[in-house]
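Please walk me through this protein model. I would like to know how its parts are placed and which side chains pair with each other.

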Amino acid sequence: MEKSKVLVVGGTGYLGRRIVAASLSQGHPTYVLQRPEIGLDVDKLQMLLAFKKQGAHLVEGSFSDLESLVRAIKLVDVVICPISGVHIRSHNILLQLQLVEAIKRAGNIKRFLPSEFGLDPPRMGHALEPGRVTFDDKMVVRKAIQDAKIPFTYVCGAGVAAYLAGNLSQLGTLVPPKEKVLIYGDGNAKVSIVDEDDIAEYTVKTIDDPRTLNKTLYLRPPENELNQKQLVEMWENLIGKKLEHISISEEEFLASMKGTHGII
């Protein structure tokens, strides 16, 4: 079967660059949106040129120019948009509403994969500010997709390894502690922790799979279901040293967030 042509919107981002690589490695004709907004960001430009050397097609388009998006979309069969939606980087989820309108106008897309890839928004009604705005915005985008009757796949269920594993789930850092570790609650709550390259690989695998059409795909391999105490034990075994464990109760954690942006 002929491979679908794929447009990646946000292809220079943290997950986007991995999706571009996965699409190319799986043999899909791969297009990457080159947005004029990158301006003087030489790192992003060089990344785009590297994609071109690897066989990707660069196509110009901007969220501020709807017709440019329509032109880009008409070149492909599938659109994947791993645009950032976390406050510690940048929050652009609602920009996808322009993409939804462009897909509707183009009328040729057989699958749209919007920015999801983490926890499933409909299950996050209990989330607190400021983080809950990410889930609320994703639900706005989902409603627009379904109102426009655009074929979709939502890829969810994964905790990104770089943000949860290497730091032993410590907030405010990406590296593991050397002397003491904060244990949140009882430390037994489990989450599916998945490597970013694997998220990208499975995302691309969905696009020609009829089983995932208009469905949510959960990336939750049983062996990746880990709690914080298990992560800490793995690290302690690796370094041959027992860390000082400091318990943070639910009440203490919530109190620490007051007056902050949710990062401690």
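The paragraphs below go through a helix, its salt bridges, two loops, a pocket and some distant contacts.

The model is predicted. A convenient place to start is helix α5, which covers residues 132-147. Several of the features described here involve this helix. Val140 sits in α5 and is partly exposed, because its relative accessibility is 41%, which falls between the 20% and 50% limits for that class. On the surface, Val140 joins Leu94 and Leu97 in a nonpolar patch, and the three residues together have about 210 Å² of accessible area.

Salt bridges come next. Side chains of opposite charge can pair when their charged atoms come close. The structure holds 15 salt bridges. One of them joins Arg142 and Glu116, with a distance of 2.9 Å from N to O. This pair links distant parts of the chain: Arg142 belongs to helix α5, Glu116 belongs to the loop between β5 (111-113) and α5, and the two are 26 residues apart. Are Arg142 and Glu116 buried or exposed? Both Arg142 and Glu116 are buried.

Two other salt bridges have both partners inside α5. Arg132 pairs with Asp136, and their closest N and O atoms are 3.1 Å apart. Because Arg132 and Asp136 are 4 residues apart in helix α5, about one helical turn separates them. Asp136 has a relative accessible area of 31% and is therefore partly exposed. The other pair is Lys143 with Asp147, whose side chains meet at 2.7 Å, N to O. Here too the partners are 4 residues apart in α5, so about one helical turn lies between Asp147 and Lys143. Asp147 and Lys143 are both exposed.

Away from this helix, salt bridges also form a network. Its members are Glu67, Glu101, Lys104 and Arg105.

Next are two residues with a positive phi. Lys149 is not a glycine, yet its phi is positive, at about 55°. Lys149 is in the loop that runs between α5 and β6 (153-156). With a relative accessible area of 72%, Lys149 is exposed, because the limit for that class is over 50%. Leu168 is not a glycine either, and its phi is about 60°. This leucine is part of the loop between α6 (161-164) and β8 (180-184). Is Leu168 buried or exposed? Leu168 is buried, because its relative accessible area is 3%, and buried means under 20%.

Lys178 is found in the loop between α6 and β8 as well. Its relative accessibility is 67%, so Lys178 counts as exposed. Along the chain, Lys178 and Leu243 are 65 residues apart, while their C-alpha atoms are separated by 7.3 Å.

The next topic is a pocket. Rolling a probe the size of a water molecule over the atoms shows where empty space is left. The second largest pocket has a volume of about 230 Å³. It is lined by 14 residues, and those closest to its centre are Tyr202, Lys205, Leu217, Tyr218 and Leu219. Which elements supply at least two residues each to this lining? They are α7 (196-206) and β10 (215-218). Helix α7 gives the most, with 4 residues. By type, the lining of the second largest pocket divides into 6 nonpolar, 3 polar and 5 charged residues.

Tyr218, one of the residues closest to the centre of that pocket, lies in strand β10. Tyr218 is partly exposed, because its relative accessibility is 33%. Tyr218 and Gly118 are 100 residues apart in sequence, and their C-alpha atoms are 9.3 Å apart in space.

A last pair brings the text back to the stretch of chain before α5. Ala127 is in the loop between β5 and α5, the loop that also holds Glu116. At 13% relative accessibility, Ala127 counts as buried. Ala127 and Gly85 are 42 residues apart in sequence, and the distance between their C-alpha atoms is 15 Å.

Note on methods. Residues are numbered from 1 along each chain as its sequence is written. This is a predicted model: local features need pLDDT of at least 70, side-chain atom pairs count only at pLDDT 80 or more; totals for chains, interfaces and linings use all residues. Side-chain values use heavy atoms; hydrogens and water are left out. Patches are made of residues with over 30% relative accessible area and no salt bridge: like charges are joined within 9 Å, nonpolar side chains (Val, Leu, Ile, Met, Phe, Trp, Tyr) within 5 Å. Accessible areas come from the Shrake-Rupley method with a 1.4 Å probe; for residues, only the protein chains shown count as cover. A salt bridge is a side-chain nitrogen of Lys or Arg within 4 Å of a carboxyl oxygen of Asp or Glu. Buried means under 20% relative accessible area, exposed over 50%, partly exposed in between (1.4 Å probe, protein chains only). On a 1 Å grid over the protein atoms alone, a cavity is a set of points where a 1.4 Å probe fits but cannot get out, and a pocket is an open set with protein on both sides within 12 Å along at least five of seven lines; lining residues have an atom within 4 Å of a point. Grid points are joined across faces, edges and corners, and a volume is the space filled by probe spheres set on the points. Ala, Val, Leu, Ile, Met, Phe, Trp, Tyr, Cys and Pro count as nonpolar, Asp, Glu, Lys and Arg as charged, and the others, Gly among them, as polar.
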